[in-house]
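Trainee: I am new to this protein and would like a close look at its interior. Please pick out the main nonpolar part and show me how its surroundings fit in.

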Amino acid sequence: MAKGFKKQLQGGGYQNLTISGAAELQNMRLQSDIEINALKEQRARQKQLDESNLTDLRRSFKNEKGNRDSIQKLEVNRQKLEYENQQLMAKRDIENKRALAKQKAAESNMWAKLSPTLAKNLGNLATGLVKFNDIQSGMEQYRELDAAGAFDSLGSAMFEMNEQAKKGLQEKRNQAMLNNDIEQADYLGDTYRVNGYYGQKLVADRIKNQSEQLFTELRTDISANDLIKNPYDTADLYEFRGQEILKKFGIDGMTMAGLEIQKLFQQEGAKQQATAVLGSKYAIYEEKLNTDKEVFSSTPTQDNFDQIVTTYMTGYTRNKSGAIVSHYGMVNAMEATETILSEMAISKPYAADWPKMKELISKLQSPEGPGNPTRQYWTAKNPAMVQRIKERWTENFKRLKQVNEALNESEDTGKVFEIDEQNREGAFEGNEGTAKLVAAYYNNQGNPNAQARAAKLLHVQTTDNNKAVVAQVMKAIRQNDVNEFVSLLDGLSETQVNNIVGATPFLETTNALIESHGVDFDEDIDSFASSVVKDLAANSFSLSGDANDNADRTVAATKQLYYHLFNKRFAGIEEPELRRKETEKFILDLAKDKTQDVVGDQTYIGSGIFRRIDAASSGTNTILFTQFYNGTLPNNAVNFSQNGDVNLNDGRTLPQILNSVKAKNLNLISTTDLENVAVSIREGQDVITMPENLRLLERKFKNFNGRKYINEQLRNNEQYKKEGIFIPPTVYDAARAAGGPMRQVDALKYMIGAYKDGELVKQDAL
């Protein structure tokens, strides 16, 4: 019967049992308790299982860790155990041999009583067994060391000690020594220990055979680590390395092998120390001699010259083979004097002026000494010596004349010699070399050969017909103005270009031009510029007069823009071909600009150097480029004349004048004026002419800055902004930016400060 139901009295059906509310709640509590108890039991069983699993995992991990530690420990100690086993076997073998020797010795004593001959033979046998065992054991140890690479780099002992010091092993060994643990306190471990007379002898012979390699390694080590602070410490360094090797192989320094190794290092150390000490003395002598010469040069007195002679007589000379030889007892006063004066005769300032050298010699006297109780002038005491000095001067002077194309003027010869001497001494190397050569060029005005030599060192070749061009190139180099330099290339012949194209400061740019255009890069760029202008004004090339000149000047300006972009705007592109493409794209995009501006009855098209009046409104049926048009082109620029657009002399202030110009929808300068300034900047001109209106404002109002106004217009123009051109400030601008008058030296410091958008940044000066 279904639970919770009872059978009805009639019909055989079932009806619901009625359960009171209290009973129903009781049943629900019982059911809930049963479920809770079941969950608790389930959680307890799960916890018990988890703890059992964790215990198994901990036990497994502990066992695994123990196994790994045991394996690692066995692996670490395997080689040491193998070696100790070998040592133990060798030791037992030696003990067995010694026991056998003792046995034979005992037998010899016994048989000596019976037969002296037999005792002697047995004694020899015992000695031979020990010697034989020592040889066999020594050879075996030597073979093991050789196979282990112990002799590959004998100078590695110091490296091993350094590595051990890094790992803290030496501190552990020191502590082991305090604890009397000899095994742990071993200096370098027992890896390379050699026992026995014969084994140590083999090691000593190997070291002697490899001594050159060993000493080379040691010299390299000493040099790389700058170990020699005093040349008298050199021998100690070599002896210390010898002691390291003795320790490395466990060789007693008092054994024959130890003494041989020590002797080897002592001899080499003594030799190297003698060389080092002599080199040090030579360096000190040279420094002292140069000091004495400088003193005499500034104060040419007899006493100062005598000091040079004394220093030389006690000094040194390096012969042709490089060996240093002492002068002491080998060079007398006359020989020293002749050597010193001969060197002076071929050096500045006497190399090109014998009368000056002769005057110096005539003032110098011989020293007092045995056989020379009184001082005499050298010209009287030994005229032959003076003649030999004259002959050496003449020989050197002739050589100078040959090198410098047989110059006739002694001053020019001396200046060329001075430049050559500075070049040999490396004075023109480094970052300041170019500036020094440029200074030498300008300091030698009037000395054409000296100027040509300075220019040649800058890879600018001077010929009879290009001196004016060279002067312009040197000016560009002095200003480091690539734009001015490349503008010089326009119109030069191939030969003329080749004479100057390698100029040192601009070599990187010209090399990139050559790589992207070929050797005749200027001609190639001229062709490109012509094609651009011709596409805009084809008929301008077929007419004569102003129209044709107008187009030709636009071509020249296009070339200048090309060089400017290649050197400045796209200088960061390392690939020359890509640099060329970006430059040409910039110019072509500028030429494609079709922006139109109608002023009066004229229509202006384009921008920049390509801004032009169309043929229909030019009045000549020819396109006229406004940049180079000789007619009147106000381009909506204000007229500041008395009867013009704005009168500057009516008493108004600068802000009022500017507001008046703006109210009339006029500009201070025309687009042509702005492009004129841009062309001047691209050409690298030293002096940039301001538009007339700006000059008028600067004269009238002292607080108006035309340069800053131009720079602002350049920054606000997309084309010029991309080029990044601006008029750099002058010292006068620096003074105004600083807030008032300043000394020239202060202005220079201010000028060294950084530019930002063409302007000096305040508080950025040094």
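Mentor: Let's start with the term you will need: a nonpolar core is a set of buried Ala, Val, Leu, Ile, Met, Phe, Trp, Tyr and Cys residues joined through side-chain atoms within 4.5 Å. Buried means under 20% relative accessible area, exposed over 50% and partly exposed in between, with a 1.4 Å probe and protein chains only. This is a predicted model, in which local features need pLDDT of at least 70 and side-chain atom pairs count only at pLDDT 80 or more, while totals for chains, interfaces and linings use all residues. Residues are numbered from 1 along each chain as its sequence is written, and side-chain values use heavy atoms, leaving out hydrogens and water.

First, the setting. The protein chain has 31 helices and 10 strands; these are DSSP runs numbered from the N terminus, helices being H or I with at least four residues and strands E with at least two. Of the 766 residues in the chain, 37% are buried. Among contacts (heavy atoms within 4.5 Å) with a separation of 6 or more, 56% join residues 24 or more positions apart.

Now to the interior itself. The largest nonpolar core has 57 residues, and those touching the most other members are Val460, Val473, Met474, Ile477, Phe485, Ile587 and Phe610. Helix 22, spanning residues 546-569, supplies the largest share of this core, with 8 residues. A second, separate core has 29 residues, including Tyr282, Ala336, Ala352 and Ile389.

Take Phe485 as a way into the largest core. Once its neighbours within four places in sequence are set aside, phenylalanine 485 is in contact with Val473, Ala476, Ile500, Val501, Ala503, Phe506 and Thr510. One of these partners, Val473, is also among the residues with the most contacts to other core members.

Next, follow helix 22, because it gives this core its largest share of residues. Glutamine 560 sits in this helix and counts as buried because its relative accessibility is 17%. Apart from residues up to four places away in sequence, glutamine 560 touches Val679, Arg682 and Glu683.

Lysine 559 is in helix 22 too, and at 2% relative accessible area lysine 559 is buried. What is its charged partner? Lysine 559 forms a salt bridge with aspartate 526, and the closest N and O atoms are 3.5 Å apart. Aspartate 526 belongs to helix 21 (residues 521-536), so this pair ties together parts 33 residues apart in sequence. A salt bridge here is a side-chain nitrogen of Lys or Arg within 4 Å of a carboxyl oxygen of Asp or Glu. Aspartate 526 is partly exposed, because its relative accessibility is 29%. Asp522 joins in as well, so that Asp522, Asp526 and Lys559 are linked in a network of salt bridges.

The structure holds 14 salt bridges, and two others are worth a visit. Aspartate 306 and arginine 375 pair through their side chains at 3.0 Å, N to O. Aspartate 306 lies in helix 9 (residues 302-313) and arginine 375 in the loop between helix 11 and helix 12 (378-381), so the pair ties together parts 69 residues apart in sequence. Aspartate 306 is buried at 19% relative accessibility, whereas arginine 375 is partly exposed at 30%. Glutamate 260 and lysine 208 also meet in a salt bridge, at 3.2 Å, N to O. Here helix 8, which holds glutamate 260, is tied to helix 5 (residues 197-209), which holds lysine 208, so parts 52 residues apart in sequence are brought together.

Now for some strands. Four of them, in the order 5-6-7-8, form an open sheet with antiparallel pairing. Strand 5 (596-599) and strand 8 (624-625) stand at the edges with a single partner each, so one side of each has no neighbour in the sheet. Two strands pair if DSSP finds at least two bridges between them, and 2 bridges join strand 7 (residues 612-613) to strand 8. In strand 7, arginine 612 has phenylalanine 625 of strand 8 as its bridge partner.

Finally, look at a bend of the backbone. Histidine 459 is not a glycine, yet has a positive phi of about 65°. Histidine 459 sits in the loop between helix 16 (448-457) and helix 17 (467-479), and is partly exposed because its relative accessibility is 45%.
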